[in-house]
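Here is a short tour for the bench, meant to be read with the model open beside you. Please have a look at the fold before reading on.

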Amino acid sequence: MREREIEQCLVRKVKEKGGLCPKWISPGYDGVPDRLVFLPGGHFGLVEVKAPGKKPRPIQKARHRLLRRLGYQVFVLDDVQQIGGILDEIQK
């Protein structure tokens, strides 16, 4: 399965839960996660989508650490089977 297909599945699953999953594009600030996940009840998380078995680049890892230090949930998704667990974590 390709990265794009995993990303499309994430967007679909978030919409099924009544949420929004816009792409995060940040010109001039590389390495931000691919998707913002807004779920009902004020729940929020950030998701980096990768092709199966691929890992985040060093700049992405640095951004993830920074965002986590700021108190945000950041997830790396490389398999559609992870989506349910990620959305459950965001909704906690």
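In which helix is Ala62 found? Ala62 is part of helix H2, where helices (H or I, at least four residues) and strands (E, at least two) are DSSP runs numbered from the N terminus.

Some ground rules will help. This is a predicted model, in which local features need pLDDT of at least 70 and side-chain atom pairs count only at pLDDT 80 or more, while totals for chains, interfaces and linings use all residues. Residues are numbered from 1 along each chain as its sequence is written, and side-chain values use heavy atoms, leaving out hydrogens and water.

**Helix H2 and its surroundings**

Ala62 counts as partly exposed because its relative accessibility is 28%; buried means under 20% relative accessible area, exposed over 50%, and partly exposed in between (1.4 Å probe, protein chains only). The accessible areas themselves come from the Shrake-Rupley method with a 1.4 Å probe, and for residues only the protein chains shown count as cover. From Ala62 to Val32 the C-alpha distance is 9.3 Å, although the two are 30 residues apart in sequence.

Lys61 also belongs to helix H2, which covers residues 58-69. With 42% relative accessibility, Lys61 is partly exposed. On the surface, Lys61 joins Lys55, Arg65 and Arg69 in a patch of positive charge. Patches are built from residues with over 30% relative accessible area and no salt bridge, with like charges joined within 9 Å and nonpolar side chains (Val, Leu, Ile, Met, Phe, Trp, Tyr) within 5 Å. Lys and Arg count as positive and Asp and Glu as negative, with His and the chain ends not counted. Each charge is placed at NZ of Lys, CZ of Arg, CG of Asp or CD of Glu.

Lys54 sits in the loop between S2 and H2. Its relative accessibility of 52% makes Lys54 exposed. Lys54 and Gln81 are 27 residues apart along the chain, and their C-alpha atoms are separated by 15 Å.

**The nonpolar core**

In soluble globular proteins, nonpolar side chains tend to be buried together. Here the largest nonpolar core has 16 residues, and the members that touch the most others are Leu10, Val14, Val37, Val47, Leu77, Leu87 and Ile90. At least two residues of this core come from each of helix H1 (3-16), strand S1 (35-39), strand S2 (43-49), strand S3 (74-77) and helix H3 (83-91). The most generous contributor is H1, with five residues. Such a core is a set of buried Ala, Val, Leu, Ile, Met, Phe, Trp, Tyr and Cys residues joined through side-chain atoms within 4.5 Å.

**Salt bridges**

How many salt bridges does the structure hold? There are five, a salt bridge being a side-chain nitrogen of Lys or Arg within 4 Å of a carboxyl oxygen of Asp or Glu. Three of them are listed here.

| Salt bridge | N to O distance |
|---|---|
| Lys13 and Glu16 | 3.9 Å |
| Asp34 and Lys23 | 3.9 Å |
| Glu89 and Lys92 | 2.9 Å |

Lys13 and Glu16 are about one helical turn apart, because they lie three residues apart in helix H1. Lys13 is partly exposed at 36% relative accessibility, whereas Glu16 is exposed at 56%. The C-alpha atoms of Lys13 and Met1 are 17 Å apart, with their positions twelve residues apart along the chain.

The Asp34 and Lys23 side chains also meet in a salt bridge. Both residues lie in the loop between H1 and S1, eleven residues apart. Asp34 is buried, with a relative accessible area of 14%, while Lys23 is partly exposed at 41%.

In the third pair, Glu89 is partly exposed at 33% and Lys92 is exposed at 71%. Elsewhere, salt bridges that share partners tie Glu7, Lys23, Asp34 and Arg35 into one network.
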